[in-house]
2 protein chains.
Amino acid sequence: MSAKITLKDISRNLNISISTVSRALKGHPDISEETREKVMRLAALMDYEPNTYAISLRTNKSNIFGIIVPEISNFFYHSFISAVEEESKKIGFSLLILQSGNDPLVEAENIRLCRLNRVAGVLISVAASSKDMSRYQKLEENGVPIIFFDKVPDVDACNKVCLADEDAAVLAATALQKKGKQHILAIFGHPDISITQKRKLAFINAMEKNKQAKLIIAHAGSSRESFEITKTAFLASQQPDAVFCMSDEILTGTMKAMQLLKINIPNDTGIISISNDDFIPHLYEPEITYIETSGYQLGKLAFERISDYMSGKKFYRELILPSKLVEGNSL
Amino acid sequence: MSAKITLKDISRNLNISISTVSRALKGHPDISEETREKVMRLAALMDYEPNTYAISLRTNKSNIFGIIVPEISNFFYHSFISAVEEESKKIGFSLLILQSGNDPLVEAENIRLCRLNRVAGVLISVAASSKDMSRYQKLEENGVPIIFFDKVPDVDACNKVCLADEDAAVLAATALQKKGKQHILAIFGHPDISITQKRKLAFINAMEKNKQAKLIIAHAGSSRESFEITKTAFLASQQPDAVFCMSDEILTGTMKAMQLLKINIPNDTGIISISNDDFIPHLYEPEITYIETSGYQLGKLAFERISDYMSGKKFYRELILPSKLVEGNSL
DNA sequence: TTTTCCCCCGCAAACGTTTTCGCAATCAAT
DNA sequence: ATTGATTGCGAAAACGTTTGCGGGGGAAAA
């Protein structure tokens, strides 16, 4: 049980005051080069590690970011978290990861936890699309920066980093047109969530330019539903010559149907999706052509924003991460 | 900037001492029912939230578990973390999640971080299969319980929770025999890692009972490699009538080859794998028959062990999570 | 010589708790 | 009435830092 060594230990050992040790360790200009050297050396030798709790108590700050997501078991949030973790580590920060399970109550509780732990900042993808910002504002009043990402509140006065949802849909539509697809099954997510609405609108608009193409719009709340939708569509008299899947989850359902019906891709039909990572699209043969909206990249962006905020750039901004087409062989 | 209210605020308000307030709040027997009530009520009213840093400084404890995994972007660790998070929340604990990237140096640094943050306990899946336990022991000397899970050190004097690796392989072998498979391609992971060795040994042993079956053993370090191995095997003159995949990663590679070669499952060939979750096996049509070794369940088990430890059961134990066969339609 | 200035450094308070010790009051037992 | 135990509470130290203020000493300016 090697007792933790403290500033006091060092000061006693060197016959100088605690304050001098403290200042020396953090390069305060008041301290002479000579004593600074001395202190530094001894601290290293004694394996001194500052007590983060004492520091936080004194300064009312911490080296922890809170990060709240609907669920951690999700590729997208996953890669987001990884990215933030990588960057945070570089500046000596740790992550307090909390999942809200899409429940506003749990979310509120998590925010409370962040307050309790005096986190230095919060990154959050909101659960409910509530317009009630009060629970978030409490944090900012205490000087805690809060960055919304992906699923963000529908108000202007906050910091957001988002994916280019419309843009991704447009890119997909363009790719389909370029291939001359004429009979397209487009499967979107649950009609109520905002991301579905955005992508659907943008997709349909972009498709308008191609008057003669036949468009079938469908909504799937789960992988299972998109499986059924796809199956039905391809069992009909006239098969689509392309499928657009709004998300990874939908893509997996569609692909199961493809396997069941032994449909040849891309000869019988083309596939294109919007995906968060390369994982799902690379699972199939041929590999799926997709529009990437990277959680990882978004994480990097969010970290950048929170760093900027903490170093003084406290104005509100919305950052958008561009998406890009990744060519597979499925279209 | 609503200043945080403290014990002092409450005490002043009630004209009693800080110590009394502190004791009242935590139900100390010294305090009369009457004042306890009073204090409780006012605390609730004033929305009092204890300062965790002050508490930790004073008690040298925290309400945080450290959890160190090779990578967080991995289904298995993922579900493990989810399970631990769920349970921890119930007892008011948070999680400090760190990834080592399989680098012993980073791992050491992460362990240091756990010490720095005075975590109440550590759950770790070790990076290197090093037998050097010193860096871990330092924690236990400080009274911090450390539970190893999944990838554990090869020594007895520590707490472990593991998957039934041998068991899973035996179950798979048995299932293959029951179906009367005679020409089996078995793909394992990288030959150096311990889990590969365990599973391979158990699998081969279990297969011995079926003398006339032809067994092809292969090793794949990645999804790509298992793709190549499978392709080659099925392009040969005599095709296997079943494939056994040791892990999800290997399964994905094999399934890509199946799609490429348009092999009919289970008519042309049967598939069975060992998987951490239902996610990957359910991605295909037909769904894959697999042996489940659940990260989620393992997380629950690990939490149970660390709770027990903290409540006094400090002896060393190794817990094994049984695995079970989940029937799909691929065999 | 005196004054002014700057360079280094120490004192002590403060952050919000927990906990040891002790004290006064009450009550039961002798 | 004296002792002894018990009950309910307060004073104060401690946890390890940071930081405002002030002071001693030496050098430069007067």
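Where in chain B does Pro266(B) lie? Pro266(B) sits in the loop that links helix 11 to strand 9 (270-275) of chain B. The model is predicted. In it, the peptide bond leading from Ile265(B) into Pro266(B) is cis, with omega near 5°. A cis bond also joins Glu285(B) to Pro286(B), with omega near 0°. Pro286(B) belongs to the loop between strand 9 and strand 10 (289-292) of chain B. Most peptide bonds are trans, and most residues other than glycine have a negative phi. Asp47(A) is not a glycine, yet its phi is positive, at about 65°. Asp47(A) is found in the loop between helix 3 (33-46) and helix 4 of chain A.

Chain A is assigned three stretches of domain. Domain 1 covers 7-50. Domain 2 is made of 63-163 + 296-321. Domain 3 spans 165-292. The centres of domain 1 and domain 3 of chain A, taken over C-alpha atoms, are 63 Å apart.

The two protein chains meet in an interface to which chain A and chain B contribute 54 residues each. About 5100 Å² is buried between chain B and chain A. Carbon and sulfur atoms give 52% of that area. On the chain B side, Tyr53(B), Lys256(B) and Glu285(B) provide 15% of the area that this chain buries against chain A, more than any other three residues. Glu285(B) is also the residue that precedes the cis bond to Pro286(B).

Charge pairing contributes to this interface. Over all chains, the structure holds 30 salt bridges. Between chain B and chain A the count is six. In one salt bridge, the side chain of Glu287(B) meets that of Lys256(A), at 2.4 Å from N to O. In another, Glu49(A) pairs with Arg115(B), with the closest N and O atoms 2.8 Å apart. This pair crosses between chains: Glu49(A) is in the loop between helix 3 and helix 4 of chain A, and Arg115(B) is in helix 6 of chain B. Side chains of opposite charge can pair when their charged atoms come close.

Polar contacts across the interface of chain B and chain A involve 17 residue pairs, with both residues at pLDDT 80 or more. Several elements of chain B each give at least two residues to the side that touches chain A. They are helix 4 (52-59), helix 5 (75-90), strand 2 (94-99), helix 6 (104-116), helix 7 (134-141) and helix 11 (248-261). By class, this side of chain B has 22 nonpolar, 18 polar and 14 charged residues.

Both protein chains also approach the DNA. Around DNA strand D there are 25 residues. The closest are Ser22(A), Tyr48(A), Arg58(A), Thr20(B) and Arg23(B). Of the atoms of DNA strand D within 4 Å of the protein, 56% belong to sugar and phosphate. Three phosphate approaches can be described. In chain A, a backbone N or O atom of Leu7(A) is 2.8 Å from a phosphate oxygen of DNA strand D. The side chain of Tyr48(A) places an N or O atom 2.7 Å from a phosphate oxygen of this strand. In chain B, the side chain of Thr35(B) has an N or O atom 3.0 Å from a phosphate oxygen of DNA strand D. Helix 2 (18-25) and helix 4 (52-59) of chain A, with helix 2 (18-25) and helix 4 of chain B, are the elements that give two or more residues to the surface near DNA strand D. That surface comprises nine nonpolar, 10 polar and six charged residues.

DNA strand C has 24 residues around it. Thr20(A), Arg23(A), Ser22(B), Tyr48(B) and Arg58(B) come nearest. Sugar and phosphate make up 60% of the atoms of DNA strand C that come within 4 Å of the protein. A base is approached as well: an N or O atom in the side chain of Arg23(B) is 3.2 Å from a base oxygen of DNA strand C. Tyr48(B) has a polar side-chain atom 2.7 Å from a phosphate oxygen of this strand. A polar backbone atom of Asn51(B) is 3.4 Å from a phosphate oxygen of DNA strand C. Helix 2 and helix 4 of chain A and helix 2 and helix 4 of chain B each supply at least two residues of the surface near DNA strand C. Helix 4 of chain B gives the most, with four residues. The classes here are eight nonpolar, 10 polar and six charged.

Conventions. Residues numbered from 1 in each chain as written. Chains lettered and ligands numbered in written order. Predicted model: local features only at pLDDT ≥ 70, side-chain atom pairs only at ≥ 80, totals over all residues. Heavy atoms only, no water. Contact = heavy atoms within 4.5 Å. Buried area = accessible area lost by both parts, 1.4 Å probe. Salt bridge = Lys/Arg side-chain N within 4 Å of Asp/Glu carboxyl O. Polar contact = N/O pair within 3.5 Å; in protein donor to acceptor, adjacent residues only side chain to side chain. Nonpolar A, V, L, I, M, F, W, Y, C, P; charged D, E, K, R; others polar. Near = heavy atom within 4 Å. Domains from an automatic or database assignment.
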